[in-house]
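Trainee: Could you take me closely through the side-chain contacts in this model, beginning with the aromatic rings and going on to the charged groups? I would like one connected account rather than a list.

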Amino acid sequence: SNKFAEDVTSRRDGHIHDGGSGVFLSGSFDKLQQSQPFHAISSAFDEYCTLLSTRDESTVEMVSTALKQDLGDEISSLFTAMPSLRVILGNDYECDQNDGDSDVAVDAQKRLRYLFCQFVEIILGCQEEPLILFLDDCQWIDAASVALLNQILMMPNKSASNKQRRFFFFGCCRDDEVNEEHPLTLMLSSMETFGTKTTNIMLTSMSKETVNEMVSTTLSLLPRLTRPLADILYHKTKGSPFFIKQLMIDLYKRRLLYPSLTHRRWVWESDNIRDMEIPDSVASFIMNSFHCLPPDVLSALSVLSCFGASVSISLIETLEAGIHTPLMTPLDTAVAESIVDKRKGAFYFLHDKLHEAAYGAIGSEQRCLHHFRYGLTLGNVAVKERDDVLLITAVSQINHGGPQAVVDSEQGVAVASMNLDAGKVAMKMSDFFLAHSFFDHGISYLRRGHWEQQYDLSLELFNLAAKCALMNAEHAHLEMLIQQIKLYAQCFEDKCQAISISIALHLLSGNVLEGVKTTLGTLASLGEELSRSPWWVPQLVIDYITPSVIKQHLSKTEAKLAELSDETLMSYPVMVDPSKIMAMELLANLNELLTFSGETLKARFILSKMIQITLKHGMSPLSPLAFVQYGNYNAIIRQNYEVGYHYVKLGLTLMKQSPSRAHDCQIIFHSAYTRLHVEPMQTAGELFLDAFKAAMKSGATRYAMKCAYFYDATCFWSGANLEELARSMKETVKQMRFHKNLPMISVMLPVVRVTLRMVGESAMPPQIGLMSASGDTHNEEDIADKIPAAMLGKHINECYEAFVFREFDKARDCAEKFISLQNQTMYSGSALYSRIFYFGLVSFWIGRETNSNRWIARGAESKVSIEKLAVLASTWNFQNKTLLLQAEEQFCARNFEAAEKLYDDAILSSKKHKFVNEEALANELAGH
């Protein structure tokens, strides 16, 4: 461990090293400098970009091309965190840099973390050397950095080659400042839970021999000559490396350790050194030495310490001009005294103990005034020069001072406005933890009566604070903010944002009924009432939307669309009415909620409503989704695949025309339903991977996990390599647990267990103690029981497993449960034709074994459904399935000669259309 400490210490001063054994990046967290999201991490990778730009052009070109191809214009979101990234991409690289608002990303914070992870993934793939990231002083790690590190270390590996990533992370912290509830401890515990190996290394004080090695190396003398001095230093410092270094500097200043021209080497006065009285701790030793500094140097060091362990020279120069106090010259003196270093355009304290000593020189009661004064000075400059980076630093200093430093209400309003601006900048940087802190501080500076006297400022602060609280899962604080907005907002329009956030909170908390109730009430207030029933009784609305009402509404929509050409729709005006835009968002959420709960019939009414609003008020970012889902309705429900496929493609075209990328994942995902029927399944399944990437880029991790499940499931049903698929599925489950997406875990696990069994691996046991986003724990069975889609998937997958392994009783039991649940929920399983196909095979098997005409009839129903798909949708996807079901039907009818020919045809068709698993299945059934 001491060798490791020595190696890290030798490397970290240079910040980044490119050696033969790997690329070593380093950064350090700072107690007083947490005003930039994951600054320690981003600065290390920014230095990497600088290093990379000095390598040969072929390597730079390879990384640049990979970044542009994989991330596209999204890469601009990383420029703030890594300015040197522009050097790699080339000075002529241009893209549309987003502003971080909700039109660009569902959750910009998660989006930026995903893009950062993709950046790391790309550079790892473009170099052979391992990448080593060392972060010091992790006891001060911020929440944004914890979240980013978690995601980097949890990056899914779906590479077919299963190539090792060669990424290593080392963190260093003071164990006496990290308890069981510390973010670092929780992060490490989480890593172990998800299978990422961690190792704890306890760095103890150096031994006598190690101290002698250090002194020998420092003085360039043989160890036998330095041993007497090393023994004295070890006795006085107990082997603390930094203490030894500071003591040796002090000995040099006192002329007790000096170079001798006579002896041509360093010499020392052992007796005088041994007799020196020094404090037991390095902190006390440093404080004593600080008192010997000139007053102007100590004052400058105290100013410097208010900003953290390192401060840019330009900031110090700006502050010096603003407070009219000498800083640069005294700090140069401190550099000569080996207290701070001056490099790379900044002043650095040479050790955190030196920083703490300088900060401790300011009286505790005076610190808030110092911070507030420096912050105001820099804030005025930042506002005048529109310098966002300086504004973040300035407002952070102001907030270290706090409301107690404010002299009057006018100054409080000015500071609250600065916090509002700083919070918006932090949101653009995708640090919603920091943004929330700024908005909360801004609220704290407002005096009593602020809702009347500073209404606009108050409303904006509370609304943005609520948005950040939702993204940070701070639900208790969010409820308080929403209550304040609802109480003091002067009109319904001013309450809309808070209402929308409260609906999202209800759904995240699992309070679906309350979410539906609020949604319906809000829609009614927006002029889009869904029923004549009281909005506060949502079950009456469900009763009101009857099949006849749905049919009438869809017919009306069909008639209106028939009057419009594709060219007219693609040149349709943009929706500008804020109330209608919000109504579209609410309807989209309601549509998804009804679909997932099994109310697919009523969901059609909602998508029809969305199209009618679009035709009347213009295209919103969610209009393409409505057209895609309308296409799915025509193709899958009405089985008019030509019309359905047409509207799906139209929706995708409208998506590309839209300036918003926030809903691309949903649109691509839903387009895959029809395209999986019409296009070859093996290629169409890649759509779910495209949707997954779009979801991660927009920060919609909940949707991303849904896409990951369907990608793996489609690969399974289309005959992908099972060993590779098993690895991919286990990675997907790991990601779902990491993102605490319990509904998708419950849907995913049954198909994972089937896959693992088919490749001969031990199946996953039932999952217990799964944690939700709200922190509650649940068991797998409890979750699945509440979700019709999960239960249907569970039964059909277990039914398929029993069929493949010829477990008759289990197959019959699962098939009966599947039928019962379908009848109870009215859930449409036709979107997943694999359910129809395999249910048909199982039905024929049960009917044949039990001589049950009822089961054979069910198999025949499935056969007819698949025959229609082969004619109406795609021969490629359904011909082999049709032939196999026909063979099973003939076998049940004891027409063995006809069955044999159909089995042979099914085998040839499966082979021709690349359904490897179904080719094997047809061979096996033919053998029976």
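Mentor: Across the whole structure, which is a predicted model, a search finds 30 aromatic pairs. One of these is formed by Tyr630 and Tyr633, whose ring centres lie 6.1 Å apart with 35° between the planes, a tilted arrangement. Both tyrosines belong to helix α31 (residues 623–637), where a spacing of three residues places them about one turn of the helix apart, and both Tyr630 and Tyr633 are buried. The edge-to-face case is shown by Phe803 and Trp845, since their ring centres are 5.7 Å apart and their planes stand at 70°, and an angle over 60 degrees is what that class requires. Phe803 is part of helix α40 and Trp845 is part of helix α42 (residues 833–850), so this pair ties together parts that are 42 residues apart in sequence. Phe803 and Trp845 are likewise both buried. Beyond such pairs, Phe669, Tyr673, Phe688, Tyr703, Tyr709 and Phe710 form one aromatic cluster.

Rings also meet charged groups in this model. The charged end of Arg343 sits over the ring of Tyr348, at 4.1 Å from the ring centre, while Lys881 lies over the face of Phe915, with 3.7 Å to the centre of that ring.

Turning to contacts between opposite charges, the count of salt bridges comes to 23. Helix α40, which holds Phe803, also contributes Glu801, whose side chain meets that of Arg757 in a salt bridge with an N to O distance of 3.0 Å. Because Glu801 lies in α40 (residues 788–804) and Arg757 in helix α38 (residues 742–758), the pair ties together parts that are 44 residues apart in sequence. The two partners are not equally covered: Glu801, at 9% relative accessibility, counts as buried, whereas Arg757, at 29%, counts as partly exposed. This bridge belongs to a wider arrangement, in which Arg757, Glu801, Glu807 and Lys810 are linked in a network of salt bridges.

A salt bridge inside one helix is found between Lys863 and Glu867, with the closest N and O atoms 3.8 Å apart. These two residues are four apart in helix α43 (residues 853–872), and are therefore separated by about one helical turn. The general background is that an α-helix has 3.6 residues a turn, so residues three or four places apart point the same way. Here Lys863 is buried, with a relative accessible area of 12%, and Glu867 is partly exposed, at 24%. A further salt bridge joins Arg254 to Asp250, with the closest N and O atoms 2.7 Å apart, and Asp250 counts as buried at 14% relative accessibility.

Asp250 falls within the span of α10 (241–253), and this helix is among the elements that cover the buried residues of α9, together with α8 (208–219), β5 (257–260), β6 (265–268) and α11 (270–275). Those buried residues of α9 are Thr226, Leu229, Ala230, Ile232, Leu233, Lys236 and Thr237. Leu229 is also where helix α9 (residues 223–237) bends by about 35°, and just after the helix Lys238 takes a positive phi of about 60°.

Technical notes:
Residues numbered from 1 in each chain as written. Predicted model: local features only at pLDDT ≥ 70, side-chain atom pairs only at ≥ 80, totals over all residues. Heavy atoms only, no water. Bend = angle between axes of the 7 residues up to and from the residue. Buried < 20%, exposed > 50% of the residue type's maximum accessible area, 1.4 Å probe, protein only. Contact = heavy atoms within 4.5 Å. Salt bridge = Lys/Arg side-chain N within 4 Å of Asp/Glu carboxyl O. Phe/Tyr/Trp six-rings, centres within 6.5 Å; stacked < 30°, edge-to-face > 60°. Lys NZ or Arg CZ within 6 Å of the ring centre and 35° of its normal.
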